[in-house]
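Student: I should like a close look at a single part of this structure, a strand and its surroundings. Please set that part within the chain as a whole.

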Amino acid sequence: MLDHRLAKPALPPCTVVLGAGFLGGAAADAIEAAGGRVERIGRAQVDLLADGAFEFLAEQLRPDDVLVVASAEAPCKDGGMLARNIAMMNTVVAALKRQPVAHVIYVSSDAVYRDKAEPLTETDCAEPGSLQGVMHLARERMLLDESGLPVGILRPTLVYGAKDPHDGYGPNRFRRLALDGKDITLVGDGEERRDHILVEDVGELIRRMVMHRSAGVLNAATGEVHSFREVAEMIAARVRMRIMIKGTERVGGMPHNGYRSFNPSATFYAFPDFRYTPLAEGLAKVHRHVTGG
């Protein structure tokens with residue numbers, strides 16, 4: 001659950017967004033749209049793995065800033081990536097020790113949770129079954145245990161949006177295939193049911209956490225699950241070309257045992273007027289953004 005350290009929300013003098021790509025960029029856009037001042041720091045400004053990077057980062061920070069950390073090599077697939085991600089967070093922690101800020105928000109992942117047949121909540125055990133989850137959980141603990149600062153942690157589930165850079169299996173890849181007039185190939189019959197969240201919703205939740213200086217943990221998930229076949233059908237229906245949706249023979253077991261859902265009650269408790277974008281509405285929004293119509 002989140003603890004709002006500001007009962008009356010207020011923008012900080014500046015929000016520094018470290019890693020202003022897909023997720024960080026959505027957060028920066030949401031904060032700027034609310035009238036906030038944002039400083040975006042990407043790899044072009046600082047390589048967090050470079051010698052002395054913590055000194056540069058510390059020089060960009062001020063005591064009353066809020067720092068949003070959304071920089072990672074992801075998805076984390078091997079030990080080398082894990083080590084680099086830990087090294088990147090060592091840089092962030094060293095910078096914060098040199099120049100503390102008012103508040104830190106870390107953009108993590110739902111991969112920190114172990115699988116469960118019932119909807120997941122923020123109180124469930126963080127026992128990751130993947131290097132992606134191990135990486136994020138380790139970085140969470142580094143900030144919580146070493147920075148000495150108030151930390152808010154947001155754990156999004158599968159994120160989709162027009163500017164997705166990863167082409168991950170699901171809405172992002174299916175959309176690109178359909179718009180190119182290519183058939184959509186599913187893993188197995190696409191029967192796994194997962195929760196998908198629009199990137200602008202993630203950005204909005206980060207904005208609210210910034211304005212409330214929220215500490216604690218919050219999942220970013222809609223509470224609705226759809227099979228990958230359903231997702232593919234929704235996307236194929238939006239293009240003028242005839243797109244075939246093909247199943248394949250599955251090799252190995254289904255990730256997360258084919259089902260991963262969330263109870264979003266904590267979101268609505270923290271932000272009673274917030275509304276998650278339903279999947280069909282979000283896919284339509286992304287389609288309009290990409291096609292201009």
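Tutor: The strand comes first below, and the whole chain follows.

This is a predicted model, in which local features need pLDDT of at least 70 and side-chain atom pairs count only at pLDDT 80 or more, while totals for chains, interfaces and linings use all residues. Residues are numbered from 1 along each chain as its sequence is written, and side-chain values use heavy atoms, with hydrogens and water left out.

Strand E2 spans residues 15–18 and is covered on both faces. Thr15 and Val17 lie on one side, Val16 and Leu18 on the other, and all of these are buried (under 20% relative accessible area, with a 1.4 Å probe and protein chains only). E2 pairs with strand E3, residues 38–41, in the parallel sense over four bridges; pairing requires that DSSP find at least two bridges between the strands. Within E3, Glu39 is the bridge partner of Val16.

Turning to the chain, the protein has nine helices and 14 strands, taken as DSSP runs (helices H or I, at least four residues; strands E, at least two) and numbered from the N terminus. Of the 293 residues of the protein chain, 49% count as buried. Contacts (heavy atoms within 4.5 Å) with a separation of 6 or more come to 79% from residues 24 or more positions apart. Along the principal axes, the C-alpha atoms fill a box of roughly 55 × 40 × 35 Å.

Note on methods:
Buried < 20%, exposed > 50% of the residue type's maximum accessible area, 1.4 Å probe, protein only.
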